[in-house]
Each structure stands twice: as structure tokens, then as C-alpha cells.
Amino acid sequence: METSTRSYPPLAAWLHWICAAVILWAMLSGFALASGALPPAVAAAIPPFNVALTTLLMPVFLLRIVYRTSFRMPPPAGITPAKHRLARRAHALLYLLTCSSLVSGWLMMERPVDLFGLITLPPSLEPGAATRALAKLHFASNVALALLLTGHIGAVIQHQRQGRRLLRRMLPLTG
């Protein structure tokens, strides 16, 4: 099996880090909001900001998926075929859970979405049982995504500690 230390294409790396930053922000701030531990002013500002930010992320994430399907990177040096298959499946699940979170989050909105004062989008569905079910799906998707992201970050740390320079492959300016 071919192994490589080759870097990801710069566009792939940029899309990865943009998506990672927005997803981590939205998840951490969303869970902090759900905990009830935030000051009222901060708690009031997070939902409209997160909704606008993640709505704008949706086409970026779609571009990331479409672009990512256009190439196949060889596994990094020193990774067994079984571990590489596991990593590919974990990444596919990350994409699936992210899509579930973004789409359910969009569809569960019962009020118009203000995109930072640029435009306002109407809700997709009437408030009711469907939007409540989508809110539950959104929460479950985010919990599963948070668990998987924790494992993903842990795996990257473990590989880095073992001398595998995975992060170097994902730097946007090294391709």
C-alpha cells in the first residue's frame, strides 16, 4: 500500500480549518448555552450569531464535501490498512453527523434567520411536531458529533505524539 507524507491540496486544508473552527465554536458555545451557565447577555447573543454563522457554513461545508470527493490522499506513512479504513469510516461519519446537525438545525428554526443583517430567510417549516422532532435530532446529532470529534482530536494528538505529522499534511500553506 502506498504511504505518503504529501500535504492535502490548499483548498481542502482551508475548507477543513474553516469548517472545524465554525463547528467547534458552534458546538462549544451551544453546549455552554444549554448548560445555563452563561451570563444572560451572552446567552441572548449566541443563538442568533450561531444560526447565522452555521447557515453561512452550509454551502462551504457542501463545497468541502464535493471537493473532498475529487481526490484521494494516500494514507500517512506508518498507518496500517485497517487503521486507514477505520479513519476513512470515522471521517465519513463526521461528515454525516455534521450534515445532520446543519440540516436539522436549519429546518428546526421556527423564526426567520437573520444573516448578519445582510438578508433574512424565512423559516422552512411551520412550528409544530416536525420542528420539535428536528430539534431533538439536532441535539442528538451534536452530542454524537461532539463524541466523535473528541475521538478525532484525540487520534490526531496520539499520531502526533507517535511522530506522524498529520497536522503538517493539513496545513493550508504547505500544499
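How many helices and how many strands does the protein have? The protein has five helices and two strands, and, since what you see above is a predicted model, please take everything I say this morning as a description of that prediction. Following the sequence from its start, the elements come in the pattern α-α-α-β-β-α-α, with the two strands placed after the third helix and before the last two.

Let me begin with the overall picture. The C-alpha trace spans about 55 × 30 × 30 Å along its principal axes, and of the 175 residues in the protein, 32% are buried. The exposed surface comes to about 10,500 Å², and carbon and sulfur atoms supply 70% of that area. As for how the chain contacts itself, if we take the contacts with a separation of 6 or more, residues 24 or more positions apart account for 77% of them.

I will now go through the helix pairs in order along the chain. Helix α1 covers residues 10-35, and helix α2 covers residues 40-68. The axes of α1 and α2 come within 9 Å and cross at roughly 150°; angles over 145 degrees count as roughly antiparallel, and therefore α1 and α2 are described as roughly antiparallel to each other. The crossing in which α1 passes α2 is left-handed, and the residues of this contact divide into 20 nonpolar, five polar and one charged.

One residue of α1 that I would like to point out is His16. Is His16 buried or exposed? With a relative accessible area of 15%, His16 is buried, because the cut-off for that class is under 20%. If we leave aside its neighbours within four places in sequence, His16 is in contact with Arg64 and Met170.

Arg64 brings us to the next pair, since it is also among the α2 residues that contact α3. Helix α2 and helix α3 pack at an angle of about 150°, with their axes 10 Å apart, and they are therefore also roughly antiparallel to each other. The crossing of α2 and α3 is left-handed. On the α2 side the contact is made by Thr54, Thr55, Leu57, Met58, Phe61, Arg64, Ile65 and Arg68, while α3 contributes Tyr95, Thr98, Cys99, Leu102, Val103 and Trp106. Sorted by class, this contact has nine nonpolar, three polar and two charged residues.

The third pair is α3, residues 81-107, with α4, residues 129-161. Here the axes come within 8 Å and cross at roughly 150°, so α3 and α4 are again roughly antiparallel to each other, and their crossing is left-handed. The α3 residues in this contact include Ala90, His91, Leu94, Leu97, Ser101 and Ser104, and those of α4 include Leu134, His138, Ser141, Asn142, Leu145 and His152. What is the make-up of this contact by class? The contact of α3 with α4 has eleven nonpolar, eleven polar and no charged residues.

Within that contact, Ser101 of helix α3 is worth showing in some detail. Ser101 is buried, with a relative accessible area of 9%, and, not counting residues up to four places away in sequence, Ser101 touches His138, Ser141 and Asn142, which are themselves listed among the α4 residues of the contact.

Staying with α4, I also want to mention Arg132, which is found in that helix. At 51% relative accessibility, Arg132 counts as exposed, the cut-off for that class being over 50%. The C-alpha atoms of Arg132 and Met108 are separated by 6.9 Å, although the two residues are 24 apart along the chain.

That leaves the stretch with the two strands. Where is Phe116 found? Phe116 is found in the loop between β1, residues 113-114, and β2, residues 120-121. Phe116 has a positive phi of about 55° although it is not a glycine, so when you look at the loop in the model you may want to look at the backbone there. At 39% relative accessibility, Phe116 counts as partly exposed.

To draw the helix pairs together, α1 with α2, α2 with α3 and α3 with α4 are each roughly antiparallel. By class, 20 nonpolar residues take part in the contact of α1 with α2, nine in that of α2 with α3 and eleven in that of α3 with α4.

Notes. Residues are numbered from 1 along each chain as its sequence is written. This is a predicted model: local features need pLDDT of at least 70, side-chain atom pairs count only at pLDDT 80 or more; totals for chains, interfaces and linings use all residues. Side-chain values use heavy atoms; hydrogens and water are left out. Axes are lines fitted to C-alpha atoms, for helices over the stretch in contact, and angles run from 0 to 180 degrees between N-to-C directions. Helices (H or I, at least four residues) and strands (E, at least two) are DSSP runs, numbered from the N terminus. Angles under 35 degrees count as roughly parallel, over 145 as roughly antiparallel, 65 to 115 as roughly perpendicular and the rest as oblique. A crossing is left-handed if the near helix is turned anticlockwise from the far one by less than a right angle, and right-handed if clockwise. Contact means heavy atoms within 4.5 Å. Ala, Val, Leu, Ile, Met, Phe, Trp, Tyr, Cys and Pro count as nonpolar, Asp, Glu, Lys and Arg as charged, and the others, Gly among them, as polar. Buried means under 20% relative accessible area, exposed over 50%, partly exposed in between (1.4 Å probe, protein chains only). Accessible areas come from the Shrake-Rupley method with a 1.4 Å probe; for residues, only the protein chains shown count as cover.
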